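Welcome! Here is a short guided walk through one protein structure, with the sequence and the model shown just below for you to follow along.

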Amino acid sequence: MKIWAHRGCSQMYPENTLLAFEQAIHIKGLAGIELDIQMTKDGKLIVIHDERVDRTTESIGYVRDHTLKELKRLHIHAQENETQQIPTIEEVLDLTEAKLKSGMKLNIELKNSVYPYPGMEEKIVELIHKRGLENAIVYSTFYAKSLDKLKQLDPQAELAILDTKASDCLYKLKGGCGATAIHPFWKGMDVSLEKLKGYRVRAWMSGHLYPEKSTGTILNLSELENQGITDIILNEPEVYLK
């Protein structure tokens, strides 16, 4: 079972921040980091999960309605009196590039199932190729048409389709989006092992995120493997890779 960091080490540190990613890259045996990208009003790629800034910052409104400069003024509460900023994807790549070139992977989820963000696919593929990181990247999204576009831009790209249930992921694949992996919710394994043959199955967790406290529950990874899960994307990967 391969272990991934969900939005970085997002149980102990604010999700999708350089602090959470920095903690993740030091975990020995970590397969990769998962993060989310959206686009600013002025066309910059920014790392944030929600379409709105309300939950993670002191402000309100949609990411797409703010310029990069405006978003950089916002604060994400960390520990004590410390704060973090919403990072750009370039800043995250600056931090992780050495690890990505030595075996770790980065799962870039395009958050474009609510707003399509025209040009997002072109921007991220161009950036990844410019840095020579093609072999270290997995692109994922709930929006199958976005994977179609990514496949046209980079026929060798590793693609994954997201949904809550494994069956819904497989249904989306029937359209020929080119994904070789499915990313269902870990409790959504509703298909037989036979139907999962040939696919990487990276299941994602929801659970508690910083500053919520961990419940202390430890997953039985063997049971998950028996359901066909090959990788698990966790908020607290450090607990499983001590």
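## The enclosed cavity

The lining of the largest cavity divides into four nonpolar residues, three polar and one charged. This is a predicted model, and a search of the whole structure finds one cavity of 30 Å³ or more. The volume of the largest cavity is about 50 Å³. Which residues line it? They are E15, N16, V47, I48, H49, T56, I76 and I86.

One of these lining residues, I76, makes a good stopping point. I76 sits in strand β4, residues 76-77, and is buried, with a relative accessible area of 7%. That value is below the 20% under which a residue counts as buried. Setting aside residues up to four places away in sequence, I76 touches P14, T17, T56, T57, E82, T83, Q84, Q85 and I86. The C-alpha atoms of I76 and E58 are 7.5 Å apart in space, while the two residues are 18 residues apart in sequence.

## Two open pockets

Now for the pockets. The largest pocket has a volume of about 290 Å³. It is lined by 14 residues, and those closest to its centre are M205, G207, T215, T217 and E236. By class, this lining has five nonpolar, eight polar and one charged residues.

The second largest pocket has a volume of about 210 Å³. Its lining is made of 17 residues, with H6, R7, H49, E109 and W204 nearest its centre. Sorted by class, the lining of this second pocket has six nonpolar, six polar and five charged residues. Strands β2 (32-39) and β6 each supply at least two of its lining residues. H49 also appears in the lining of the largest cavity.

## Aromatic pairs

How many aromatic pairs does a search of the whole structure find? There are three. In one aromatic pair, Y62 and Y115 meet edge-to-face, 5.7 Å centre to centre and with 90° between the planes. Y62 belongs to the loop between β3 (45-47) and α2 (68-72), and Y115 to the loop between β6 (105-110) and α4 (120-130), so this pair ties together parts that are 53 residues apart in sequence. Is Y115 buried or exposed? Y115 is buried, at a relative accessible area of 19%, whereas Y62 counts as partly exposed at 26% relative accessibility.

F185 and W186 also form an edge-to-face aromatic pair, with 6.4 Å centre to centre and 75° between the planes. Both F185 and W186 are buried. Together with W204, these two residues form one aromatic cluster. W204 is also among the residues nearest the centre of the second largest pocket.

## Charges over a ring

Y62 has further company. R52 lies over the face of Y62, at 4.6 Å from the ring centre. The charged end of R64 sits over the ring of Y62 too, 5.5 Å from its centre.

R64 leads us on to K41, which is in contact with V63, R64, D65, H66 and T67 once its neighbours within four places in sequence are left aside. K41 lies in the loop between β2 and β3 and counts as exposed, at 59% relative accessibility. The C-alpha atoms of K41 and L71 are separated by 9.9 Å, and the two residues are 30 residues apart along the chain.

## A covered helix

Which residues are buried in helix α1, residues 18-25? They are L19, A20, F21, A24 and I25. The elements covering the buried residues of α1 include β1 (2-6), β2, β3, β5 (83-84) and α3 (89-100).

## Backbone details

To finish, here are some backbone features to look for. R7, in the loop between β1 and α1, has a phi near 60°, a positive value in a residue other than glycine. R7 counts as buried, at 8% relative accessibility, and is among the residues nearest the centre of the second largest pocket. Y117 also has a positive phi, about 45°, although it is not a glycine. Y117 is found in the loop between β6 and α4 and counts as buried at 6% relative accessibility.

Further along, Y210 and P211 are joined by a cis peptide bond, with omega about 10°. P211 has its place in the loop between β10 (200-204) and α8 (221-226).

Note on methods:
Residues numbered from 1 in each chain as written. Predicted model: local features only at pLDDT ≥ 70, side-chain atom pairs only at ≥ 80, totals over all residues. Heavy atoms only, no water. Phe/Tyr/Trp six-rings, centres within 6.5 Å; stacked < 30°, edge-to-face > 60°. Helix = DSSP H or I, 4+ residues; strand = E, 2+ residues; numbered from the N terminus. Buried < 20%, exposed > 50% of the residue type's maximum accessible area, 1.4 Å probe, protein only. Lys NZ or Arg CZ within 6 Å of the ring centre and 35° of its normal. 1 Å grid on protein atoms, 1.4 Å probe; cavity = no way out; pocket = protein on both sides within 12 Å on 5 of 7 lines; lining within 4 Å. Points joined across faces, edges and corners; volume = space filled by probe spheres on them. Nonpolar A, V, L, I, M, F, W, Y, C, P; charged D, E, K, R; others polar. Contact = heavy atoms within 4.5 Å.
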